[in-house]
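Trainee: Could you take me through one part of this model closely, residue by residue, and then set that part against the rest of the chain?

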Amino acid sequence: DGEVHINESKNGNAEMFWNPTGEVRRQRLKRHIVLFEEQTDFESERLWQHVTSAINKGDQHKATQEKFVLEEEQRNGARERRENGTEWKPLLFRHDATTNEWHYKYEDLRPWDPLNDIAQFEKNGILQTMERHLSTKMSNHKTTCLNNQITRHKRSATDCRRRKTSDQPSNHSQNTESSCSTPESVQELSDDDGKYLGFESLCAQCGKEMNHLKEIHSAVLSLQKAQQDIHR
């Protein structure tokens with residue numbers, strides 16, 4: 001939160017390395033923590049509360065004593081499990097025997113998807129991602145638009161057929177009949193029929209959103225490639 005300097009030991013010169021401005025501080029992500037009253041006994045803030053309190057008071061001796069108490073309890077617990085033959089099963093971590101390393105069970109290493117991912121949060125120790133599911137929403141919206149257009153076209157054809165039935169045979173009615181679309185062709189619509197009727201041109205909102213999504217998707221692919229190059 002404060003200034004960081006690089007001190008050159010050879011000549012004693014000090015150089016400013018980092019000085020966070022007010023704007024930088026405002027852009028930081030808000031830190032969300034579980035209320036102390038709602039924490040379990042083994043969550044860090046509650047477990048280390050006496051050590052933290054001693055450090056804040058500047059009592060290094062008290063902090064060391066409290067730390068020793070916690071570590072001794074852990075050693076005793078491990079000793080009792082070993083004597084009873086009880087296997088310790090971590091809740092959130094797994095052990096890789098090949099590398100002799102511990103890994104978080106629910107780690108999600110996929111790149112962040114700005115089109116679908118909204119926020120990341122923790123629940124019961126498990127990190128989860130809140131997703132937008134834009135593709136599903138867009139698909140549903142396009143389907144609704146297409147169905148509405150088909151319904152309007154059927155209604156128009158039905159009205160036209162009713163006019164044909166009610167009109168008396170005359171030159172005028174014959175002209176009216178010829179100007180009406182044939183309702184029989186609307187009963188079974190194929191993909192080609194839909195294109196012929198202009199159904200492929202969805203509503204203006206769909207078109208704008210699709211173009212916008214294509215632009216964003218192209219930008220995301222470019223960023224992902226750059227991220228992979230940097231990682232490599």
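Mentor: Leaving aside residues up to four places away in sequence, aspartate 117 touches Arg110, Pro111, Trp112, Thr129, Met130, Glu131 and Arg132. The model is a predicted one, and everything that follows should be read with that in mind. Aspartate 117 belongs to strand E5, which covers residues 117–123, and it counts as buried because its relative accessibility is 4%, under the 20% limit.

One of the residues that aspartate 117 touches, Arg110, deserves separate attention. The side chains of aspartate 117 and arginine 110 make a polar contact of 2.9 Å, and the two residues also form a salt bridge, in which the closest N and O atoms are 2.9 Å apart. The two ends of this pair are covered to unlike degrees: arginine 110 is partly exposed, with a relative accessible area of 34%, whereas aspartate 117 is buried at 4%.

By the rule used here, the count of salt bridges comes to ten, and two others may be set beside the pair just described. Arginine 94 forms a salt bridge with glutamate 107, with 3.9 Å between the closest N and O atoms. Since arginine 94 lies in strand E3 (residues 93–96) and glutamate 107 in the loop between strand E4 (101–104) and E5, this pair ties together parts that are 13 residues apart in sequence. Both partners count as partly exposed, arginine 94 at 39% relative accessibility and glutamate 107 at 38%.

The other salt bridge stays within one helix: the side chains of glutamate 71 and arginine 75 meet at 3.9 Å, N to O, and both residues lie in helix H4, four residues apart, about one turn of the helix. An α-helix has 3.6 residues a turn, so residues three or four places apart point the same way. Glutamate 71 counts as partly exposed at 24% relative accessibility, as does arginine 75, with a relative accessible area of 41%.

Helix H4 itself runs over residues 60–84, and its 25 residues reach 36 Å from the first C-alpha to the last, close to the 36 Å expected at 1.5 Å a residue. Along this helix Ala63, Glu66, Leu70 and Gly77 are buried, and what covers the buried residues of H4 includes helix H2 (44–47) and helix H3 (49–56). After H4 comes glycine 85, whose phi is positive, near 70°.

A further region is a nonpolar patch on the surface, formed by Val4, Ile6, Phe17 and Trp18, with about 390 Å² of accessible area together. Strand E1 (4–7) and strand E2 (14–18) are the elements that give two or more residues to the nonpolar patch. Phenylalanine 17, which lies in strand E2, counts as exposed because its relative accessibility is 57%, over the 50% limit.

These details belong to a chain whose secondary structure comes to nine helices and six strands. Of its 232 residues, 12% count as buried, and aspartate 117 is buried too, at 4% relative accessibility. Among contacts between residues at least 6 apart in sequence, 25% join residues at least 24 apart. The accessible surface of the chain comes to about 19,500 Å², of which 51% belongs to carbon and sulfur atoms.

Terms used: Residues numbered from 1 in each chain as written. Predicted model: local features only at pLDDT ≥ 70, side-chain atom pairs only at ≥ 80, totals over all residues. Heavy atoms only, no water. Buried < 20%, exposed > 50% of the residue type's maximum accessible area, 1.4 Å probe, protein only. Contact = heavy atoms within 4.5 Å. Areas by Shrake-Rupley, 256 points an atom, 1.4 Å probe, with all protein chains shown as cover. Expected span 1.5 Å × (residues − 1). Polar contact = N/O pair within 3.5 Å; in protein donor to acceptor, adjacent residues only side chain to side chain. Patch = residues over 30% accessible without salt bridge, like charges linked within 9 Å, V, L, I, M, F, W, Y side chains within 5 Å. Salt bridge = Lys/Arg side-chain N within 4 Å of Asp/Glu carboxyl O.
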